[in-house]
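Trainee: Could you take me through one part of this protein in detail? I would like to see how the side chains of the helices and loops pair up, and where those pairs sit.

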Amino acid sequence: MNPWLEEEERQLYRLDICQDILKYARNELYLHMRFLDVALSSLTFVPDQEIQVVGTEGKRLLFAPEALIARYQQGRIWVNRAYLHMILHSLFAHIWHRGEREETIWHLACDIAVESVLDTWYKPCLHRPPSPYRRSVYAKLRSKRKVFTAEGLYQILVEEKLDVREKLRLKQEFQVDDHRLWEREQDPRIRQEQQNHWKDIREHMETELEIFSKEASENSKGLLEQVRAENRRRYDYREFLRKFSVLKEELTVDMDSFDYIFYHYGIELYGNMPLIEPLETKELRKIEDFVIVIDTSMSCKGDLVEKFLQETYGILSLEESFFRRLQIHILQCDERVQSHVKIESQEQLKHYMEHLEIRGLGGTDFRPAFQYVEELRQQRAFTSLRGLIYFTDGYGRFPARRPLYDVAFVFFRQDYQDVDVPPWAIKLILDEQGKE
């Protein structure tokens, strides 16, 4: 027989074996985790000799035939974990959310986040006792983050300033699949379609875990926490503040309503008499009266309070966010109101931030702040109060009744665990970039 044909037959045989290996892995995972049914069937199997064992870009599961067979011969658990590892990368949108983050650290953070979920599943098809080094890494990270999202872990790893040796050790411990596919150029439309596909799966899975699969959710708390975190809509904090804005005329030239044609025609016809001039007032949607409450209780860590204030100052110092006449009431509150400062200018705001003194560190009770604001409202301290933002870690007693203005409880993704706020309140979770 022709040697070339023999080699081709061997390659086709190896491809058939790899297809069977991946199908068996998918079926075994499905039998133990039926809530992953759609996710497990979302990747098509494609051979690729340049890949390091396996990898995905969210649509295909690429594999190197010989390397995959060699791995399978060492035991099926590695293949099962690798398959689910790639599914979770897609579910958590790690493939598309790197942005400007440093590539190596981002990939490490994503792998640790995914492996931390897999290590909580004591299924025979997946379980592999974590090494002492892996357990020590988890313990160190857990002291700084309660929920292992890739964004949160990335921040920790950046702060750690890892050297080359430490990065290599983490990579050897947690890397499973080839991430080079994540960085390949791809049609933006196709990337968006893939993100939308996995977003739909995530939302369906969250409902499945919370309502229909109680047993599965109890055994997959790490997965449910990360799915919840990723399902929360991401948007700019400034845009969020527009919920509390009012429409009002302000003394400023309205170039949007100005017609250059009539202006130019009048100048040509009459010399120095335009037929139309820009309006001297413009309707703008900005914030006029606003209340910010900062949780200064013992449970709200000092660095978290500092982040609240930095984020707040960054938004409030933008002139386009507020009318020229503004009233920002900033309260510090633990189980009682510890401080009340009224800000009426950019200069006052800057001075407040530069000479800030945290007061409190007692228990947590949200009700006194609302009672205090209601007293101010009764005293007509506000012109047009539309909203109150409460920066907190979420552990406290909420008011029983809805106030007459909109309320948002804002949490940072760091150390965040799901907190049930009252149905009348907005819940916003910010990451380190001010996005949800």
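**A close look at side-chain pairs**

Mentor: Happily! Let me begin with the whole chain: its accessible surface comes to about 22,900 Å², and carbon and sulfur atoms account for 50% of that. Please keep in mind that this is a predicted model. The protein chain has 16 helices and 10 strands, and 47% of its 436 residues are buried. Of the contacts with a separation of 6 or more, 70% are between residues 24 or more positions apart.

Now to the pair of helices that I would zoom in on, α6 and α8. R134 and E173 form a salt bridge, with 3.0 Å between the closest N and O atoms. This pair links distant parts of the chain, since R134 belongs to helix α6 (residues 132-142) and E173 to helix α8 (residues 164-174), 39 residues apart. Both R134 and E173 are buried.

The structure holds 19 salt bridges, and others make a useful contrast. E193 and R189 form one, their closest N and O atoms being 2.8 Å apart. Here both residues lie in helix α9 (residues 188-212), 4 residues apart, which is about one turn of the helix. R189 is exposed at a relative accessible area of 51%, because the cut-off for exposed is over 50%. E193, at 44%, is partly exposed. Then there are E344 and K342, whose side chains meet in a salt bridge of 3.7 Å, N to O. E344 is partly exposed at 42% relative accessibility, and K342 is partly exposed too, at 38%. Salt bridges that share partners also build one network out of R81, E115, D119, R128, R134, R169 and E173, so you meet R134 and E173 again there.

Next, the rings. A search of the whole structure finds 12 aromatic pairs. One of them is Y138 with F174: the ring centres are 5.9 Å apart and the planes stand at 55 degrees, so the pair is tilted. Y138 lies in helix α6 and F174 in helix α8, so this pair ties together parts 36 residues apart in sequence. Y138 is buried at 7% relative accessibility, and F174 is buried at 0%.

Another tilted pair is F366 with F398, whose ring centres are 4.7 Å apart and whose planes are at 40 degrees. F366 sits in the loop between α15 (346-354) and α16 (367-378), while F398 sits in the loop between β8 (385-391) and β9 (406-412), so the pair ties together parts that are 32 residues apart in sequence. F366 is buried, with 0% relative accessibility, whereas F398 is partly exposed at 21%, because buried requires a value under 20%. Both rings belong to one aromatic cluster, formed by F366, F370, Y390, F398, F409 and W424.

Last, a sheet to look at beside these pairs. An open sheet of 3 strands has the order β1-β3-β2, with mixed pairing. β1 (44-47) and β2 (54-56) are at the edges with a single partner strand each, so one side of each has no neighbour in the sheet. β1 and β3 (residues 60-63) run parallel and are joined by 4 bridges; T44, for instance, has R60 in β3 as its bridge partner. Helix α4 (residues 76-91) lies across β1, β2 and β3, running at about 15 degrees to β2.

Note on methods
Residues are numbered from 1 along each chain as its sequence is written. This is a predicted model: local features need pLDDT of at least 70, side-chain atom pairs count only at pLDDT 80 or more; totals for chains, interfaces and linings use all residues. Side-chain values use heavy atoms; hydrogens and water are left out. Two strands pair if DSSP finds at least two bridges between them. Helices (H or I, at least four residues) and strands (E, at least two) are DSSP runs, numbered from the N terminus. Contact means heavy atoms within 4.5 Å. Axes are lines fitted to C-alpha atoms, for helices over the stretch in contact, and angles run from 0 to 180 degrees between N-to-C directions. Buried means under 20% relative accessible area, exposed over 50%, partly exposed in between (1.4 Å probe, protein chains only). Accessible areas come from the Shrake-Rupley method with a 1.4 Å probe; for residues, only the protein chains shown count as cover. A salt bridge is a side-chain nitrogen of Lys or Arg within 4 Å of a carboxyl oxygen of Asp or Glu. Rings of Phe, Tyr and Trp (its six-membered ring) pair if their centres lie within 6.5 Å; planes under 30 degrees apart count as stacked, over 60 as edge-to-face and the rest as tilted.
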